[in-house]
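Student: I'd like a close look at a single part here, namely chain B and how it meets its neighbour. Could you take me through it in one go?

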Amino acid sequence: MLASWSILVVALAYLCLLFAIAYYGDKRADAGRSIIGNPYIYALSMAVYCTSWTFYGSVGRAASGGMDFLPIYLGPTLTFVLWGFLLRKIIRICKAHRITSIADFISSRYGKSALLGGMVTLIAVLGITPYIALQLKAVSTSFNVLVQYPDVVMPPISSRVPVLKDTAFLVALLMAVFAILFGTRHIDASEHHEGMVAAIAFESIVKLVAFLAVGAYVTFGLYDGFGDLFATAARAPRISALFTSNDAGYGHWPTLILLSMAAIICLPRQFQVAVVENVNEDHLKKAVWLFPLYLLITNIFVLPIAIGGLLHFPDGSVDADTFVLTVPMAERMEGLALFAFIGGLSAATGMVIVAAIALSTMISNDLIMPVLLRLNWRGLAERGDLSGLLLSIRRGSIVMVLLLGYAYFRFIGESVALVTIGLVSFAAVAQFAPAMIGGMYWKGATRVGAILGLSLGFALWLYTLLLPLFARSGWLPIDFVEGGPFGIALLRPYALFGLDGMDNLSHAMFWSLAANIGGYVLGSILSRPGAIERIQGALFVDVSSHSGAFGGTSFWRGSAAVTDLKALLARFIGAREADRVLGDYARRRGLNPGHPREADAALVSFVERLLAGSIGAASARVMVASVAKGEVVGIEEVMEILDETSQVIEYSHRLEQKSQELENTTQELRDANERLKELDEMKDDFISTVSHELRTPLTSIRSFSEILSDNPDLDAAERDRFLAIIVKETERLTRLINEILELAKMEAGRMDWHMIDTDPRDVIDEALAATSSLLAGREISLTLDADQWLPHVHADRDRLMQVIVNLIANAVKFCDDSRGEVSVLAGQLGGRFYLGVLDNGPGVPPDDRQIIFEKFQESSEPLADRPRGTGLGLAISRQIVEHFGGRIWVEDAPGRGAAFCFTLPISRVAPVSAPGMKSHEAL
Amino acid sequence: MSRTVLVVEDEANIVDSLSFLMKQAGFEVLVARDGDTAIRMMQSRPADLILLDIMLPRRDGYEVCREIRSNPSWDSVRIVMLTARGHDFDRRKGMQLGADAYITKPFSTRDIVSCVQDLLGPETS
Amino acid sequence: MSGPKRAAERAVATFLFACVAFSPPFLSIFGADAFVFGLPLLYFYLFAAWGLVIALVAWTADLGSGPPPQRISDRPAGISDRPGGRARAG
């Protein structure tokens, strides 16, 4: 006999056992000896995917649609095939960023957007509510069926009994209590629930064994194995159609596979067990095939049980969703029926507990707390310990979620099959997939895109799936579904924009995902990501390359432009060296040695280390921070970093200034060094040239002296000639030495200058007299063309004369041989004293006009047979003129020849008596 | 037949003394005041030995030396380089270019005469 | 070729295989009214193909897919120094 009280006792005892397991699991975890630290428990906890939908609903579906129950389990397998690309990356991201829910994941990826977190939470709650309703319906139905034992009678519709007497309501409350006990027992509000995981794993074993037991009983107890079962079924045409040709075709399979692929990641409870509760990434390796294997084993007996049920209740009086229970009942297998009930209870409670906990975390963290904090409710931000408040919110959320589920069940769910309810939920959470997966692989995805995509997808889900369901349940006029709102046929929710001929689910998925992805991509392209979005985008997309550095103390999780890094490096180690080390780095890492625009975090770290060697770690950090987009400390501190940004910018600005100064100083030093080197080379050159200039007259002197000495019998004329050469060369040597010394003195500033007010006319006259001897024996005319009154200059009289003599001697030397003309012009030019010495010689080529005033530089066009000068005359003249504050240069003389000119500042205008001068004005 | 010495030097007084010394030693003397002239004179009438100053207008002594040595028909021509610059570098460069001797100014008249005589060897009739 | 890269290639190949194996045209072909070992062809085919995919996943996972995994939250003994929850006010 199965009395209702005995069923209740067994059920409660089972729940207490679960709680004991959870309690034990938590105790062990607190003691540091986890019982869930292995891949088998992990894989079993993932099996929370199998709910009453699987336990009861699959059989129901198989009874009408054959293998149609299966795609929902193929999808997760396909997702797990790609686990290395998806699941593991999600886990790494979540561990690195301490993400605890799918709402957290999406909001965190898009710049910690509170709006997105709230949206995801809302969609999740609305989407999962039908799913929870499904569990409530399954448990209450199975209980109500079982209490009829040994009769097999379908229970009355819930909505006809008062709420307080409704089994489903009591089940909802009971589950809320258990979810609170499992999930919010901890005061520390940690997101790890080891005890819960252990209990879920245990439940997964129970529901599997229970289902297998029923399946085995049907297959091997009622029939003689699979062959007999299928052979029997084949004789009944209505049943055999289930596993042969399918009238509906398989067009909806891809939709179902795709939906379940998304669901295995996007369902809050799957995210909870597979990602948040993951304790070791290594466990994935086994779990990724153990979990699909669990699904496969579970599903082997679905079709046999369905066939058994159909054969047993051919009249259709028994709901196929209850076959797992009703077939053993009909066969009077009391214990098996009870076990099946416990299995179904396991499947339902597992889902409800995990989903409620996951949703409550999202509701409290992403919906209620942000609002409370923003409103600063009761000075919340100032309060230190919020865990109590947090727990209360979570407990309240759990109760609310279950009541919502119950409400949905009572008002909508009663008339709809289990699987249909579940698929509505899948379609809702599938809306998270674009923002989630896109965010892991596309850095350019933005918050605006995610919000747009989610809103559009959710709106279309609401319109094409949920509202029609409401309408079919009588809560909305059914015309809305059949004729479209306001009779607009184009807007019919099951044939939107005229898209007809698809099953409702595929139709809804097509429109919602198309709008979702379209909005997501378009929004992302058309909007610009904010700073945190960019940082988070890079962190999420590049998580794998950072995986070695979880908890690392100085890891760059950002990126920077390579050019910026190079410029930074060049500032401290020089451009060439910077080029070299970056090239080496690229080669070592097998990167394109060209210039990628964006440096990855590893390169940024590398640069930081390099810099640290030069300027110390702390400064290197700040310097790199000045060019790297990213963060230098843990993700949790992003907000603080933003607050401190201005300070950091200030600091790095100062450092940058310092480094700029350093750079300038270095440049100055480098220039000075260049100059010194130049001077050194010039000194060498000078000594070498002086040596040459001195040796040349010495050579003549020495050789003629030796000739004279060796040839005492030279004739007198020749001896006189040789002696004259010796004297001349000796004079030249003396002059040379004097001039060198003079120039050296001038350049060193040790010259004694007798600066007095000087009348240039006297000096010119004297110079002309002194040079007249040069003209002796040559056809040269020397003329003076001076203004009558010349302005006085402030000068050393002797030096001024030296300049004029030099210029005249120079002109005499170079002027035309046959009809030499040298003229001296003197006067006033532009407020300065002007003197020019013109010759009619070959002139000075423009290229030489500067260098002939250098030491030992004569025009590159030498004149054979001309007496060699010392090569210092013009250099000395320039020194003198410049000392007087004047300027000396050479230009073309009118007609032919060179004009050497200089100007000097005027010290005093012409005398008072000067005719034509208003000289008294100046006095 | 007396042997010819080409004096290539731009300082008139030094040309004077070298001409005197070479004539006195019994050589026929040709004079060029710059590098271009020296090469031209060699082409019209090759000398047996060249007294070659380095610091010359137009084409310096090194270039003249290189040019002479690049023409196989002048292989037998001896080259004595004269320089007022005493650097070892100049000496090495001169010898590398194929000069036979290198004399620094101011030179000893006896040294330069014996150097030329040694290079040309005893006079053959 | 490195292990992770080969594992990634195997994963993609397995995925594509599964996509084809569970595509409507293939399902229609195996929906024929036939029996294998006393099992309906479609039933047999679906579980066989599914089992093969799972075996391939196991084979690939064994290869050590991706960069070397690391312990994510090896907990020190005497726990409760774990970071607090998502309490943003904390």
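Tutor: Here's a walk through the sheet of chain B, then its contact with chain A, and then some context from the other chains.

Keep in mind that this is a predicted model. Let's begin with the sheet. Chain B has five strands in an open sheet, ordered S2-S1-S3-S4-S5, with parallel pairing. At the edges sit strand S2 (28-32) and strand S5 (101-104) of chain B, each of which pairs on one side only. From one strand to the next, the twist averages 20°.

Now zoom in on strand S1 (residues 4-8) of chain B, where five of the five residues are buried. In a regular strand, side chains alternate between the two faces of the sheet. You can sort S1(B) that way: B:Thr4, B:Leu6 and B:Val8 are on one side, B:Val5 and B:Val7 are on the other, and all of them are buried. So both faces of S1(B) count as covered, since buried means under 20% relative accessible area. S1(B) pairs with S2(B) in the parallel sense over five bridges, and B:Val8 is the residue standing opposite B:Ala32 in S2(B).

Over at the S5 edge, strand S4 (residues 78-83) of chain B runs parallel to S5(B), and four bridges join the two. There, B:Thr83 stands opposite B:Thr104 of S5(B). Helix H3 (residues 61-70) of chain B packs on the sheet and touches strand S3 (49-53) and S4 of chain B. The direction of H3(B) makes about 170° with that of S4(B).

On to the contact with chain A. The size of an interface is often given as the accessible area lost when the parts come together. For chain B and chain A, the buried area is about 2,200 Å², and carbon and sulfur atoms give 52% of that. Chain B brings 23 residues to the contact and chain A brings 26 residues.

Which charged pairs should you look at? Between chain B and chain A the count is three salt bridges. One pair is B:Asp16 with A:Arg721, whose closest N and O atoms are 2.5 Å apart. Another salt bridge links B:Arg110 and A:Asp710, with 2.5 Å between the closest N and O atoms. B:Arg110 belongs to helix H5 (residues 109-120) of chain B and A:Asp710 to helix H29 (residues 638-710) of chain A, so this pair joins two chains. B:Arg110 is exposed, at a relative accessible area of 57%, whereas A:Asp710 is partly exposed at 31%. There's also a network of salt bridges that links A:Glu729, A:Arg732 and B:Glu11.

Stepping back to the partner, chain A has 33 helices and 10 strands, and 55% of its 923 residues are buried. Of the contacts in chain A between residues at least 6 apart in sequence, 79% join residues at least 24 apart. About 38,600 Å² of chain A is exposed, with carbon and sulfur atoms supplying 59%.

A few spots in chain A are worth a visit. Helix H6 (residues 102-109) of chain A has eight of its eight residues buried, including A:Asp104 and A:Arg109. After H6(A) comes A:Gly111, with a positive phi near 70°. In helix H9 (residues 194-222) of chain A you'll find A:Ile205, which is partly exposed at 41% relative accessibility. The C-alpha atoms of A:Ile205 and A:Gly343 are 9.0 Å apart, although the two are 138 residues apart along the chain.

Chain A also has salt bridges of its own. A:Arg849 pairs with A:Asp892, the closest N and O atoms being 2.6 Å apart. A:Arg849 lies in the loop between strand S8 (832-839) and helix H33 (873-883) of chain A and A:Asp892 lies in strand S9 (residues 887-892), so the pair ties together parts 43 residues apart in sequence. A:Asp892 is partly exposed at 48%. In all, the structure holds 19 salt bridges over all chains.

Last, chain C: its elements run α-α-β-β-α from the N terminus on. Of its 90 residues, 40% count as buried. Chain C exposes about 4,500 Å², and carbon and sulfur atoms supply 67% of it.

Conventions: Residues numbered from 1 in each chain as written. Chains lettered and ligands numbered in written order. Predicted model: local features only at pLDDT ≥ 70, side-chain atom pairs only at ≥ 80, totals over all residues. Heavy atoms only, no water. Pairing = 2+ DSSP bridges. Axes fitted to C-alpha atoms, helices over the stretch in contact; angles between N-to-C directions. Contact = heavy atoms within 4.5 Å. Buried < 20%, exposed > 50% of the residue type's maximum accessible area, 1.4 Å probe, protein only. Areas by Shrake-Rupley, 256 points an atom, 1.4 Å probe, with all protein chains shown as cover. Buried area = accessible area lost by both parts, 1.4 Å probe. Salt bridge = Lys/Arg side-chain N within 4 Å of Asp/Glu carboxyl O.
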